[in-house]
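Biologist: Got a minute to walk me through this one? I'd like to start with charge pairs and then wander around a bit.

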Amino acid sequence: MGSPNILKVMAEKKKKINVSQVAKPLGISNSAIYKFYPDKINDIQTSQERKKFKAESITLGTEIEK
């Protein structure tokens, strides 16, 4: 599964990141990700957390440049 690349592209395009949105461009169902790629669920959740944290830090003006 090419989820790391898909997650990166989605983050760069500021797209919503969740299992459903990751499954769409892969042409598979949400349940297929849970069944065949359970290890990728953590990657998706981590990407969601990062995106949420970055959005909150920008709002608060505390974004840290890396």
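Modeller: Sure. First, what I'm counting: a salt bridge is a side-chain nitrogen of Lys or Arg within 4 Å of a carboxyl oxygen of Asp or Glu. And keep in mind that this is a predicted model.

Biologist: Fine. How many salt bridges does the structure hold?

Modeller: It holds 1 salt bridge. The partners are lysine 40 and aspartate 43, whose side chains meet at 4.0 Å, N to O.

Biologist: Where do lysine 40 and aspartate 43 lie?

Modeller: Both are in helix H4, which covers residues 38-60, and they sit 3 residues apart, about one turn of the helix. In general, an α-helix has 3.6 residues a turn, so residues three or four places apart point the same way. And side chains of opposite charge can pair when their charged atoms come close.

Biologist: Is lysine 40 buried or exposed?

Modeller: Lysine 40 is buried, because its relative accessible area is 16% and the cut-off for buried is under 20%. Aspartate 43 comes out as partly exposed, at 29%.

Biologist: Let's zoom out. How many helices and strands does the chain have?

Modeller: There are 4 helices and 0 strands, so to speak an α-α-α-α pattern when you read along the sequence. The chain has 66 residues, and 24% of them count as buried. About 5100 Å² is exposed, with carbon and sulfur atoms supplying 53% of that area.

Biologist: What about contacts between residues at least 6 apart in sequence?

Modeller: Among those, 43% join residues at least 24 apart.

Biologist: OK, the core. Which residues are in the largest nonpolar core?

Modeller: That core has 10 residues: Ile6, Leu7, Met10, Ile17, Val19, Val22, Ala23, Ile33, Ile41 and Ile44. Helix H1 (3-12), helix H2 (19-26) and H4 each supply at least two of them. As background, in soluble globular proteins nonpolar side chains tend to be buried together.

Biologist: Pick a few of those for me. What is leucine 7 in contact with?

Modeller: Not counting neighbours within four places in sequence, leucine 7 is in contact with Ile17, Val22, Asp43, Ile44 and Ser47. The Asp43 in that list is the salt-bridge partner of lysine 40.

Biologist: And methionine 10?

Modeller: Methionine 10 is found in helix H1 and counts as buried, at 8% relative accessibility. Again leaving out neighbours within four places, methionine 10 is in contact with Lys15, Lys16, Ile17, Gln21 and Val22. From methionine 10 to valine 22 is 12 residues in sequence and 8.4 Å in space, C-alpha to C-alpha.

Biologist: What about alanine 23?

Modeller: Alanine 23 lies in helix H2 and is buried, with 1% relative accessibility. Beyond four places in sequence, alanine 23 has contacts with Ile28, Ser29, Asn30 and Ile33. The C-alpha atoms of alanine 23 and isoleucine 6 are separated by 9.7 Å, although the two residues are 17 apart along the chain.

Biologist: Stay on H2. Which of its residues are buried?

Modeller: Val19, Val22 and Ala23. Seen down the axis of H2, the buried residues fall within an arc of 100 degrees, so they line one face of the helix. The face turned away from that buried side carries Lys24 and Pro25, which are exposed.

Biologist: What caps the N-terminal end of H2?

Modeller: Asparagine 18 does, with a side-chain oxygen 3.1 Å from the backbone nitrogen of serine 20. Asparagine 18 is in the loop between H1 and H2 and is buried, with a relative accessible area of 17%. Apart from neighbours within four places, asparagine 18 is in contact with Ile44 and Gln48.

Biologist: And what happens just after H2?

Modeller: Glycine 27 takes a positive phi there, about 70 degrees.

Biologist: Which residue other than glycine has a positive phi?

Modeller: Lysine 14 has one, with phi near 60 degrees. Most residues other than glycine have a negative phi. Lysine 14 is in the loop between H1 and H2, and it is exposed, with a relative accessible area of 68%.

Notes: Residues numbered from 1 in each chain as written. Predicted model: local features only at pLDDT ≥ 70, side-chain atom pairs only at ≥ 80, totals over all residues. Heavy atoms only, no water. Helix = DSSP H or I, 4+ residues; strand = E, 2+ residues; numbered from the N terminus. Buried < 20%, exposed > 50% of the residue type's maximum accessible area, 1.4 Å probe, protein only. Core = buried A, V, L, I, M, F, W, Y, C linked by side-chain atoms within 4.5 Å. Contact = heavy atoms within 4.5 Å. Arc of directions from axis to C-beta. Polar contact = N/O pair within 3.5 Å; in protein donor to acceptor, adjacent residues only side chain to side chain. Areas by Shrake-Rupley, 256 points an atom, 1.4 Å probe, with all protein chains shown as cover.
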